[in-house]
Structure formats: structure tokens, C-alpha cells
Amino acid sequence: MTIIGIAGGTGSGKTTVVRRIAKALPPHCAAVIPLDSYYNDTSDLTPEERRAINFDHPDAFDWKLLTEHIKKLKNGEAVEQPTYSYIESNRQKETVHVEPKPVIILEGIMTLHYKKLRDMMDLKIFVDTDSDVRLIRNIRRDVVERGRTVDMVLDRYEKILKPMHEQFIEPTKKFADLIIPWGGENRTGINILRNYIEGIVTEV
């Protein structure tokens with residue numbers, strides 16, 4: 001089994017990179033684990049308290065559960081991946097059944113932050129995209145999918161996203177084996193990565 005970690009700032013194009021890699025692999029060869037599914041369970045908090053959480057800080061994630069699940073997958077055991085609602089700022093009752101696959105892709109803003117998890121990865125990737133482009137993508141996504149206004153997105157970017165990116169996400173670039181500038185738009189970089197992963201799968 002090959003564990004691949006893909007990190008990068010919000011709106012950097014990580015999901016597009018993952019989708020194109022997974023699409024190029026043989027059917028049912030890869031399982032994608034979104035880091036966002038492993039936000040802490042906040043059922044004991046009020047809605048106001050949940051909305052006050054800084055979800056762009058490492059403390060917002062359940063690293064212990066995620067690490068346990070990756071270990072189980074490596075050992076050939078299936079896991080029940082949590083699901084998360086951005087609208088409710090909490091986990092949902094539903095889970096996603098994930099079977100072990102030859103390739104496990106872990107994707108999220110801080111995928112390369114937690115050392116115990118990072119040490120389990122065979123390949124570490126950082127998707128590096130200009131901050132202006134990431135901001136525009138955030139505005140488009142959050143207004144359409146998460147019910148936020150443009151002013152809300154800009155305020156959150158200035159107060160949370162930008163400082164958290166500089167403090168916790170950007171520094172993890174040094175752990176990457178491969179940096180892909182411009183995310184999904186970098187077809188050459190994605191093709192090189194895809195060919196490399198296909199070679200690993202063929203060897204297995």
C-alpha cells in the first residue's frame with residue numbers, strides 16, 4: 001500500500017489534483033481520505049461556540065482518530081470515515097465505509113502538519129498557488145456552497161485564513177517531496193506525478 005499526502009492552502013487546487021490522479025489510476029485502485037472529514041466532534045458545544053472555532057488551526061482536527069484510521073488501512077482493515085457539515089460546523093451521524101486500497105490519498109490543508117501522520121506517508125505533495133487566486137476561489141466556493149457573503153469571506157480571510165496559512169500551512173512545504181505550482185492548472189506536473197504513481201501501482 002502507498003500512502004500519499006497532498007497539502008496546500010485553501011483554494012490551492014488540491015481537490016482537482018487528487019481527482020485527476022485518481023481518475024488516471026485503475027478502477028477501485030485508490031481511496032481518498034479528506035482531512036476535512038476529521039474535524040473534532042463538537043456535539044457538546046452550542047452553535048455559537050462551534051461558529052467561534054478556528055477551523056484553520058491544527059487543534060481543530062482529530063489527529064488521533066485520523067492516524068488510527070490510516071494505520072488500520074495499512075494493516076488491511078476497513079474504517080468508518082466521519083462526515084462533516086460546514087453548515088452545522090459539526091460531524092454528522094453518517095459515516096463513509098472505506099476499504100483498504102493499493103493507494104490511499106490523504107488530502108487537506110494541513111495534511112503534512114502532524115509528524116506521526118507524515119511519517120506514515122510514502123509520498124508528500126504540496127500544491128502551491130498564488131494567494132490572490134486562492135482568495136478568489138474561496139469567495140466563489142463559500143458564497144455558493146456555504147452560504148456566506150463576500151464580506152464574510154473577506155473578513156475571514158483577513159483575520160483567519162491568511163495568518164493561519166502563513167503560520168501553519170506554508171511552513172509544511174519544506175516537508176514535501178514534490179511541489180506542484182498552480183494546482184490543477186499544472187497539467188505537466190500532474191502528469192509526471194500520475195505516471196510516478198502508476199509505476200508504483202504496477203510494481204505492486
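Me: Which residue of β5 is the bridge partner of glycine 5?

Reply: In a pairing of strands, one looks for residues that stand opposite each other. In this predicted model, glycine 5 has leucine 106 as its bridge partner in β5.

Me: How many bridges join β1 to β5, and in which sense do the strands run?

Reply: There are 5 bridges between β1 and strand β5, residues 103–107, and the two run parallel.

Me: With which other strand does β1 pair in the parallel sense over 5 bridges?

Reply: That strand is β6, residues 123–128. One pair to look for is isoleucine 4, which stands opposite leucine 123 in β6.

Me: How many residues of β1 are buried?

Reply: Burial is read residue by residue, with buried meaning under 20% relative accessible area. In β1, residues 2–8, 7 of 7 residues are buried. The two faces can be read separately: Thr2, Ile4, Ile6 and Gly8 lie on one side, Ile3, Gly5 and Ala7 on the other, and both faces are covered.

Me: Where does isoleucine 105 lie, in a strand or a helix?

Reply: Isoleucine 105 is part of strand β5.

Me: Is isoleucine 105 buried or exposed?

Reply: The cut-off for buried is under 20% relative accessible area. Isoleucine 105 has a value of 0%, so this residue counts as buried.

Me: Which residues does isoleucine 105 touch, leaving aside those up to four places away in sequence?

Reply: Isoleucine 105 touches Ile4 and Ile6, and also Val18, Ile21, Ala30, Ala31, Val32 and Ile33. Ile4 and Ile6 belong to one side of β1. For isoleucine 21, sequence and space can be set side by side: isoleucine 105 is 84 residues away from it in sequence, with 9.5 Å from C-alpha to C-alpha.

Me: What share of contacts in the protein join residues at least 24 apart?

Reply: Counting contacts between residues at least 6 apart in sequence, the share is 74%.

Me: In what order do the helices and strands run?

Reply: One reads the elements from the N terminus on. Here the order is β-α-β-α-α-β-β-β-α-β-α-α-β-α, with 7 helices and 7 strands in the protein.

Me: What radius of gyration does the protein have, and what would a compact globule have?

Reply: The comparison depends on chain length. For 204 residues a compact globule would have a radius of gyration near 17 Å, and the protein agrees because its own value is 17 Å. The C-alpha trace spans about 50 × 35 × 30 Å along its principal axes.

Me: What percentage of the residues in the protein are buried?

Reply: Buried residues account for 45% of the 204. The accessible surface is about 10700 Å², and 51% of it belongs to carbon and sulfur atoms.

Notes:
Residues numbered from 1 in each chain as written. Predicted model: local features only at pLDDT ≥ 70, side-chain atom pairs only at ≥ 80, totals over all residues. Heavy atoms only, no water. Helix = DSSP H or I, 4+ residues; strand = E, 2+ residues; numbered from the N terminus. Rg over C-alpha atoms; globule rule 2.2 N^0.38 Å. Buried < 20%, exposed > 50% of the residue type's maximum accessible area, 1.4 Å probe, protein only. Contact = heavy atoms within 4.5 Å. Areas by Shrake-Rupley, 256 points an atom, 1.4 Å probe, with all protein chains shown as cover. Pairing = 2+ DSSP bridges.
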